[in-house]
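Trainee: Could you take me through one part of this protein up close? I'd like to look at the empty space shut inside it and what sits around that space.

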Amino acid sequence: MTTTSPTATCSFVILAAGGGSRFGGAKQVAVLGGRTLLEHAIALAAQARRPSSPIVVVTGAHQAEVERTVVPHLGNYDGLSLCHNAGWSRGMSTSLQMGIDHLERTASNVEAVLFMLSDQPLVSPDLLRSLQQRWHQGWTMSAPVHKGKLLGAPALFGRVWWSSIRSLKGDRGARGILETHRSEVGEVETAPGQLADIDTHQDLRRHAGTFLPTDCVP
């Protein structure tokens with residue numbers, strides 16, 4: 001394990017391409033605590049990143065609704081951009097690959113990507129910073145764990161793993177890469193509740209009672 005250069009750039013890729021079948025529509029733009037779930041994700045990435053590190057939002061299903069949420073913020077966050085995954089229905093793997101391809105076209109200096117989901121509003125900036133810290137300490141991947149169990153996204157992958165991500169097929173995320181190469185993963189102990197996602201309107205209502213506007217990242 002070698003220490004990563006402190007000036008190396010990590011980009012954030014926010015996956016917002018899903019159809020939201022269980023939610024019954026575009027959950028990316030569902031409102032919680034005064035802003036959409038996707039706006040929460042963008043703001044979290046902006047707070048946790050190093051200055052001007054790229055933030056990419058990958059759209060797919062509900063492209064128009066998602067873009068209406070993101071476009072007004074393009075001038076507010078330096079380095080924020082959109083890319084569209086026309087093949088989103090073939091599964092999450094295609095969105096991971098689209099995000100990486102977009103970075104290679106637009107930000108060749110990026111050496112790692114931190115994948116986020118657009119429906120995890122309880123993720124903290126500290127968790128995202130810790131994942132980046134593990135990478136800077138020399139781990140080629142980093143991910144949240146709880147009592148030794150991998151929890152999944154958000155997770156960071158150094159450039160050395162991008163070819164493996166490109167080989168994924170169908171509705172598979174990159175968790176299998178983390179599990180297969182566990183010795184390369186810098187672990188961040190995390191409470192599982194922080195990674196709770198919004199799958200249904202019931203989930204949204206349950207969090208609405210405790211998620212206040214002041215919880216929003218400015």
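Mentor: Start with the walls of the largest cavity: Leu-37, His-40, Ala-41, Leu-44, Met-116, Leu-117, Ser-118, Asp-119, Gln-120 and Pro-121 line it. Two elements each give two or more residues to that lining, namely α1 (37-48) and β6. The biggest share comes from α1, with four residues. Sort the lining by class and you get six nonpolar, three polar and one charged. Keep in mind that this is a predicted model.

How do we find a space like that? Rolling a probe the size of a water molecule over the atoms shows where empty space is left. Searching the whole structure this way turns up one cavity of 30 Å³ or more, and the largest cavity holds about 30 Å³ of space.

Now pick out one of the wall residues, Gln-120. You'll find Gln-120 in the loop between β6 and α4 (125-136). Is Gln-120 buried or exposed? Its relative accessibility is 8%, and the cut-off for buried is under 20%, so Gln-120 counts as buried. Leave out residues up to four places away in sequence, and Gln-120 touches Ala-153, Pro-154, Leu-195, Ala-196 and Asp-197.

Next, look at the largest pocket, with about 960 Å³ of space. Its lining has 36 residues, and Leu-15, Met-92, Leu-117, Asp-119 and Asp-171 lie nearest the centre. You've met Leu-117 and Asp-119 already, since both also line the largest cavity. The elements giving two or more residues to the pocket lining are β1 (9-16), α3 (92-106), β6 (110-117), β9 (155-158) and α6 (175-180). Here α3 gives the most, with three residues. By class, the pocket lining has 16 nonpolar, 12 polar and eight charged residues.

Finally, zoom out to the whole protein. There are seven helices and 10 strands, and buried residues make up 54% of the 218 residues. For contacts with a separation of 6 or more, 77% are between residues 24 or more positions apart. What about the overall build? A compact globule of 218 residues would have a radius of gyration near 17 Å, and the protein has 16 Å, so the two agree. The C-alpha trace spans about 45 × 35 × 35 Å along its principal axes. On the outside, the accessible surface comes to about 9,700 Å², with 52% of that belonging to carbon and sulfur atoms.

Technical notes
Residues numbered from 1 in each chain as written. Predicted model: local features only at pLDDT ≥ 70, side-chain atom pairs only at ≥ 80, totals over all residues. Heavy atoms only, no water. 1 Å grid on protein atoms, 1.4 Å probe; cavity = no way out; pocket = protein on both sides within 12 Å on 5 of 7 lines; lining within 4 Å. Points joined across faces, edges and corners; volume = space filled by probe spheres on them. Nonpolar A, V, L, I, M, F, W, Y, C, P; charged D, E, K, R; others polar. Rg over C-alpha atoms; globule rule 2.2 N^0.38 Å. Buried < 20%, exposed > 50% of the residue type's maximum accessible area, 1.4 Å probe, protein only. Contact = heavy atoms within 4.5 Å. Areas by Shrake-Rupley, 256 points an atom, 1.4 Å probe, with all protein chains shown as cover.
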